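Me: I'd like to go through this model and ask what stands behind each label. Could you set the values against the cut-offs for me?

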Amino acid sequence: MEIVGHVTDSEPSIFVFIDESGDLLPKEAGTTHLVLSAFITKSPSVAAYIVSNLRYSLLSRGFNIETFHATDDSRVIRFEFLQLIQKIREASGVTIGIEKIDGTTSKRLITIYIQSLARIAKEVVKLNVNNAHVTFLIDPTLDKKSRSEAKRVIKHVFSSSNQRNLIYFQSMKRDSCGQ
């Protein structure tokens, strides 16, 4: 049997999990606000372990919880979730709130969404003093064309600071760090 490769310890990395609340519809047809939140950590497996343990603890106490979602969860669950998140070392968050004004089109909201992703990337660049590799995981709300534009804009932020990065669009619904 021939060994064709092996897994090695990865280099230091920062993981950025981005999810949104609200929608990309005009105010008249959708939500009044759009919020992007980023959870930034060097230890996603530690954060996922903590979140999973909270879920199992809640299940054992009679809370039927499959995933965490602010609009679905009770105040008790949100409070416990936030208390635990605060204890995760080497983690931070960035939240950008966008109030939709009358007449704002979906196209304009997509542009604002992409600009907000760039703002989050700039915050990550500031935090990344050790020039660690950065992996962005973004909820796939955008259409294919807009995702390409978002990647281009984010990559420009990192290339201007010589920081290596990967960008993926993946569902945050089942990712413990993305919830």
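Me: What makes the sheet open, and what is the order of its strands?

Reply: Happy to help! In this predicted model, the sheet has 5 strands in the order 3-2-1-4-5, with mixed pairing, and is open. Its edges are strand 3 (91–99) and strand 5 (165–169), each of which pairs on one side only. From one strand to the next, the twist averages 15°.

Me: How do you know that strand 4 and strand 5 pair, and in which sense?

Reply: Two strands count as paired if there are at least two bridges between them. Strand 4 (residues 133–138) and strand 5 have 5 bridges, in the parallel sense, so they meet that rule. Within this part of the sheet, Val134 stands opposite Asn165 of strand 5. In general, strands of a sheet pair through backbone hydrogen bonds, either parallel or antiparallel.

Me: Which helix lies across strand 4 and strand 5?

Reply: That is helix 4, which runs at about 160° to strand 5. Helix 4 spans residues 144–159.

Me: Why are helix 3 and helix 4 called roughly parallel?

Reply: Helix 3 (residues 106–127) packs against helix 4 at an angle of about 30°, with the axes 9 Å apart. Angles under 35 degrees count as roughly parallel, so helix 3 and helix 4 earn that name. Their crossing is right-handed. On the helix 3 side, the contact includes Ile110, Ile114, Leu117, Ala118 and Ala121, and on the helix 4 side it includes Ser146, Glu149, Ala150 and Val153. By class, the residues of this contact are 12 nonpolar, 1 polar and 2 charged.

Me: What makes Ala150 buried or exposed?

Reply: Ala150 lies in helix 4. The cut-off for buried is under 20% relative accessible area, and Ala150 has 0%, so it is buried. Leaving aside neighbours within four places in sequence, Ala150 is in contact with Ile114, Leu117, Leu142 and Phe169. Ala150 and Ala118 are 32 residues apart in sequence, while their C-alpha atoms are 8.0 Å apart in space.

Me: And how do you know whether Ser146 is buried or exposed?

Reply: The same cut-off applies, under 20% for buried. Ser146 has a relative accessibility of 10%, so it counts as buried. Setting aside neighbours within four places in sequence, Ser146 is in contact with Ile110 and Ile114.

Me: Why does His156 get the label it has, buried or exposed?

Reply: His156 is also found in helix 4. Exposed means over 50% relative accessible area, and His156 has 53%, so His156 is exposed. Its C-alpha atom is separated by 9.7 Å from that of Ala121, which is 35 residues apart from it along the chain.

Me: Now the other helix pair: what makes helix 1 and helix 2 parallel or antiparallel?

Reply: The axes of helix 1 (residues 44–60) and helix 2 (residues 75–86) come within 10 Å and cross at roughly 150°. Angles over 145 degrees count as roughly antiparallel, therefore helix 1 and helix 2 are roughly antiparallel to each other. Helix 1 passes helix 2 in a right-handed crossing. Ile50, Val51, Leu54 and Leu58 of helix 1 make the contact with Ile77, Glu80, Phe81, Leu84 and Ile85 of helix 2.

Me: How do the residues of that contact divide by class?

Reply: The contact of helix 1 with helix 2 has 8 nonpolar residues, no polar ones and 1 charged. Glu counts as charged, and Glu80 of helix 2 is among the residues that make the contact.

Definitions and conventions:
Residues numbered from 1 in each chain as written. Predicted model: local features only at pLDDT ≥ 70, side-chain atom pairs only at ≥ 80, totals over all residues. Heavy atoms only, no water. Helix = DSSP H or I, 4+ residues; strand = E, 2+ residues; numbered from the N terminus. Buried < 20%, exposed > 50% of the residue type's maximum accessible area, 1.4 Å probe, protein only. Contact = heavy atoms within 4.5 Å. Axes fitted to C-alpha atoms, helices over the stretch in contact; angles between N-to-C directions. Parallel < 35°, antiparallel > 145°, perpendicular 65-115°, else oblique. Left-handed = near helix turned anticlockwise from the far one by under 90°.
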